[in-house]
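Here are my notes on the model you sent, set out as numbered points. Please read them alongside the sequence and the structure.

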Amino acid sequence: MSSVSVPSKPRSVSDATAKRAPSKRAMQKGQQTKAAIVEAALGLSTQIGLEGLSIGVLAEVTQMSKSGVFAHFGSREELQISVIREYFGRFEQEVFYPALHAERGLPRVEALFHNWMKRVAVEIQSGCIFISGAVEFDDRPGPVRDALATSVQTWLSALYRAVVLAKQCGHLHANADEHQMAFEIHGLILALHYEARFLKNPGSIERANQGFANILARYGASAV
């Protein structure tokens with residue numbers, strides 16, 4: 001008598017999900033691990049600069065193997081670029097996006113500056129990778145320099161657009177030079193970093209705020 005084969009039990013949706021779950025969990029764990037490495041790298045880069053970052057240093061700080069750290073980035077250059085992206089993302093969250101809640105025109109320009117000043121107050125102690133990175137990579141073409149420059153240019157373009165809107169709203173005088181105004185605001189921040197972090201001159205924050213008030217007085221619609 002021939003045997004009758006018993007059809008295998010169809011795999012249920014729950015079975016398929018259970019088999020997929022480990023890979024999904026592994027993916028989430030991998031993302032969490034990469035985020036932790038970037039966080040550690042970000043902290044280090046404000047102290048030793050982007051150029052000081054290495055797979056070996058991060059492996060030691062995160063207590064991982066070099067191969068484990070390398071697997072998440074593939075190169076030291078990609079690690080540096082990941083840090084720049086994370087730093088810029090935080091800059092947007094702290095400085096740019098909150099300012100969008102302010103009224104268009106001069107109130108938004110003021111919000112951008114004051115949010116920027118809050119961040120600088122912290123960076124005076126911790127350092128700013130946009131400034132240290134500009135020194136490290138200003139004459140070194142490549143993807144890291146491009147990532148740094150693109151981040152800064154994106155922010156300065158947003159500041160410039162806010163100044164243009166202020167003029168369109170009638171908050172600046174008709175002959176106001178939007179490029180020059182944005183340039184001077186940026187210059188205040190750079191001077192503040194140099195004065196406060198490098199030279200440690202007291203009163204630097206107050207002078208930066210006064211400088212901004214002077215800019216508003218000079219370019220404002222009531223200016224002669």
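1. In this predicted model, helix H2 (residues 55–62) packs against helix H3 (residues 66–73) at an angle of about 115°, and their axes lie 8 Å apart. Angles of 65 to 115 degrees count as roughly perpendicular, and H2 and H3 are therefore roughly perpendicular to each other. The contact draws on Ile 55, Gly 56, Leu 58, Ala 59 and Thr 62 from H2, and on Lys 66, Val 69 and Phe 70 from H3. The crossing in which H2 passes H3 is right-handed.

2. An unreviewed UniProt entry carries the annotation "DNA-binding region" for residues 54–73. Over residues 54–73 the chain is 80% helix and 0% strand, with the end C-alpha atoms 11 Å apart.

3. Turning to the interior, the largest nonpolar core contains 60 residues, and those with the most contacts inside it are Trp 116, Trp 155, Met 181 and Ile 185. Helix H4 (residues 76–99) supplies the largest share of this core, namely 10 residues. If residues up to four places away in sequence are not counted, Trp 116 touches Phe 91, Val 95, Trp 155, Leu 156, Leu 159, Ile 185, His 186 and Ile 189.

4. Is Glu 178, which is found in helix H8 (residues 178–198), buried or exposed? Buried means under 20% relative accessible area, and Glu 178 is classed as buried because its value is 18%. Leaving aside neighbours within four places in sequence, Glu 178 is in contact with Tyr 160, Val 163, Val 164 and Lys 167.

Technical notes: Residues are numbered from 1 along each chain as its sequence is written. This is a predicted model: local features need pLDDT of at least 70, side-chain atom pairs count only at pLDDT 80 or more; totals for chains, interfaces and linings use all residues. Side-chain values use heavy atoms; hydrogens and water are left out. A nonpolar core is a set of buried Ala, Val, Leu, Ile, Met, Phe, Trp, Tyr and Cys residues joined through side-chain atoms within 4.5 Å. Buried means under 20% relative accessible area, exposed over 50%, partly exposed in between (1.4 Å probe, protein chains only). Helices (H or I, at least four residues) and strands (E, at least two) are DSSP runs, numbered from the N terminus. Contact means heavy atoms within 4.5 Å. UniProt positions are given in the numbering used here, feature names are shortened, and annotations may be inferred rather than shown by experiment. Axes are lines fitted to C-alpha atoms, for helices over the stretch in contact, and angles run from 0 to 180 degrees between N-to-C directions. Angles under 35 degrees count as roughly parallel, over 145 as roughly antiparallel, 65 to 115 as roughly perpendicular and the rest as oblique. A crossing is left-handed if the near helix is turned anticlockwise from the far one by less than a right angle, and right-handed if clockwise.
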